[in-house]
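The exercises below are meant to be worked with the structure open. Try each task before reading its solution.

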Amino acid sequence: MNCPNCNSVMITVERNGVEVEYCTECKGFWLNVDEWELIKNALDIKGDFQDIMSINTYAPADKAEKPKNCPVCDERMEKIDAGGFILDRCLRHHGVWFDSGELSQYLSAKNGPEDNTVYFLGEFFKQ
């Protein structure tokens with residue numbers, strides 16, 4: 001699977017029983033619904049994947065980054081404002097792209113102290 005940001009081949013990494021797609025070049029993460037549920041349960045995060053998929057606040061055009069395509073279906077993803085985080089999500093619900101640093105920041109905002117998220121993701125993934 002290629003990275004929607006830099007088109008490098010992503011690797012599948014496993015941490016605490018959760019596998020996610022990770023780009024070693026730009027340090028972004030691709031999460032699908034199953035991966036999100038595993039992370040949510042491991043960190044006891046409130047809310048679920050549908051919360052991200054049902055956000056209807058779109059990123060302002062002047063703050064939007066370059067367009068990205070879904071690594072699963074290759075369709076253009078939409079940019080959403082997830083409470084201060086501009087995320088890219090597949091319109092077909094294949095997953096959500098987190099640019100470098102966004103996953104730990106987003107999970108920490110949902111979960112509380114960043115220490116729990118960093119511990120879960122591992123120091124390697126702290127961006």
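The model is predicted.

**Exercise 1.** Which side chain of opposite charge is nearest to E102, and how far away is it?

Solution. Begin with the distance: K68 is the nearest side chain of opposite charge, and it is 7.0 Å away from E102. A salt bridge requires a side-chain nitrogen of Lys or Arg within 4 Å of a carboxyl oxygen of Asp or Glu. E102 has no salt bridge, although it is buried. Next, place the residue: E102 belongs to helix α3, residues 102-111. Finally, look at D99, whose backbone nitrogen lies 2.7 Å from a polar atom of the E102 side chain.

**Exercise 2.** How many salt bridges does a search of the whole structure find? Locate the one between D88 and K68.

Solution. The search finds four salt bridges. In the one between D88 and K68, the closest N and O atoms are 3.6 Å apart. D88 is in strand β5 (residues 86-89) and K68 is in the loop between α2 and β4, so this pair ties together parts that are 20 residues apart in sequence. Then check burial: D88 has a relative accessibility of 0% and counts as buried, and K68 is buried with a relative accessible area of 2%.

**Exercise 3.** What are the distances between the closest N and O atoms in the salt bridges E78 to R89 and K79 to D88?

Solution. For E78 and R89, the closest N and O atoms are 2.6 Å apart. E78 sits in strand β4 and R89 in strand β5, eleven residues apart, and the pair links distant parts of the chain. Both of these residues, E78 and R89, are buried. For K79 and D88, the closest N and O atoms are 2.4 Å apart. K79 and D88 are also buried. Through shared partners, salt bridges join K68, K79, D88 and D99 into one network.

**Exercise 4.** In which sense do strands β1 and β2 pair? Find the residue with a positive phi in their hairpin.

Solution. Strand β1 (residues 11-15) pairs with strand β2 (residues 18-22) in the antiparallel sense, over five bridges. One bridge to follow is that of I11, whose partner in β2 is Y22. The hairpin has two residues between the strands, and N16 takes a positive phi near 55° there.

**Exercise 5.** Is N7 buried or exposed? Answer the same for D74.

Solution. N7, in the segment before β1, is exposed, with a relative accessible area of 53%. Its phi is positive, about 70°, although N7 is not a glycine. D74, in the loop between α2 (49-53) and β4 (78-81), is exposed, with a relative accessible area of 53%. Phi of D74 is positive, near 65°.

Methods: Residues are numbered from 1 along each chain as its sequence is written. This is a predicted model: local features need pLDDT of at least 70, side-chain atom pairs count only at pLDDT 80 or more; totals for chains, interfaces and linings use all residues. Side-chain values use heavy atoms; hydrogens and water are left out. Helices (H or I, at least four residues) and strands (E, at least two) are DSSP runs, numbered from the N terminus. Buried means under 20% relative accessible area, exposed over 50%, partly exposed in between (1.4 Å probe, protein chains only). Lys and Arg count as positive and Asp and Glu as negative; His and the chain ends are not counted. A polar contact is a pair of N or O atoms within 3.5 Å; within protein, one must be able to donate a hydrogen and the other to accept it, and residues adjacent in sequence count only if both atoms are side-chain atoms. Two strands pair if DSSP finds at least two bridges between them.
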